[in-house]
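Here is a short report on one protein chain. Look over the fold, one helix and a surface patch.

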Amino acid sequence: MPARRRPRRWQSRVRDDRGPPRRCPDAVVTVDATHAQKKHARYLVEQGGAHYLLSVKNNQPTLARQLRNLPWSKTPVLHRSHGRGHGREEKREVQVVTVDRLLVPHARQVVRIRRKRRRLGAKKWSTETVYAVTDLAAHQAAATEIAAWARGHWIIENTVHWTMDVTFAKDASQVRRHRTPAVMSSLRDLTRATLHRAGWANIASGRRAHTQFETVLTFHGIP
């Protein structure tokens, strides 16, 4: 059996705009379902020298169906966790299946994570099942490591994306013409990141504290 490798998690791009693709050996790139594409997986492994963990949802129905039809009923739960935070309780179960042939290039393992959640004090649980694919073999990444990488990506989804939608109303924006949506998205993220670096744990409060024209200029260091 080959020696066990310890990939490091990497959530950045592997291409440098100033030159050819930059290789990132043993880096693990975690991406959401939008970027779970064959060409992305092939690029990361073959040109970037990296590994991937791709979340898969119903935007790719054929692949999602293929993952759901794997023999999960015969697969043991390899990792369980239980935690509380943000006013809710969550239980997680992780299963992993080794694969040889899959629609995603270089795929070696598929993980299924079942999450049960409820508000603290509530009786009713809600259940969510998510799937992810990785090119890492079993001797390279254990179920606990894959679950940790996936959870790390969910933190981004549940903090950055939630803030952009709730505080800055990104999804409700009616801006549609030309490149204006991209410009507005960049401005929202610049504001969020600047407030965060300035020490504002609550971005909504930080935004309310800088509604005056003069305070905004001062905040960004503009005389």
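From the N terminus on, the elements of the protein chain follow the order β-β-α-β-α-β-β-β-β-α-α-α-α. That comes to six helices and seven strands. The model is predicted.

Some totals for the chain come next.

| Property of the protein chain | Value |
|---|---|
| Share of the 223 residues that count as buried | 35% |
| Share of contacts between residues at least 6 apart in sequence that join residues at least 24 apart | 53% |
| Exposed area | about 14,300 Å² |
| Share of the exposed area supplied by carbon and sulfur atoms | 52% |

**Helix α1**

Helix α1 covers residues 38-47. Its residues A41, Y43 and L44 are buried. Seen down the axis of α1, these buried residues fall within an arc of 165 degrees, so they line one face of the helix. What do they pack against? The buried residues of α1 pack against two strands, β2 (27-31) and β3 (51-56). Just after α1 comes G49, with a positive phi of about 65 degrees.

**A nonpolar patch**

V183, L187 and L190 make a nonpolar surface patch. The patch has an area of about 260 Å². L190 sits in helix α4, which spans residues 180-197. Is L190 buried, partly exposed or exposed? L190 has 43% relative accessibility, so it counts as partly exposed. The exposed class needs over 50%, and the buried class under 20%.

Note on methods:
Residues are numbered from 1 along each chain as its sequence is written. This is a predicted model: local features need pLDDT of at least 70, side-chain atom pairs count only at pLDDT 80 or more; totals for chains, interfaces and linings use all residues. Side-chain values use heavy atoms; hydrogens and water are left out. Patches are made of residues with over 30% relative accessible area and no salt bridge: like charges are joined within 9 Å, nonpolar side chains (Val, Leu, Ile, Met, Phe, Trp, Tyr) within 5 Å. Accessible areas come from the Shrake-Rupley method with a 1.4 Å probe; for residues, only the protein chains shown count as cover. A salt bridge is a side-chain nitrogen of Lys or Arg within 4 Å of a carboxyl oxygen of Asp or Glu. Helices (H or I, at least four residues) and strands (E, at least two) are DSSP runs, numbered from the N terminus. Buried means under 20% relative accessible area, exposed over 50%, partly exposed in between (1.4 Å probe, protein chains only). Contact means heavy atoms within 4.5 Å. The arc is that of the directions from the helix axis to the C-beta atoms.
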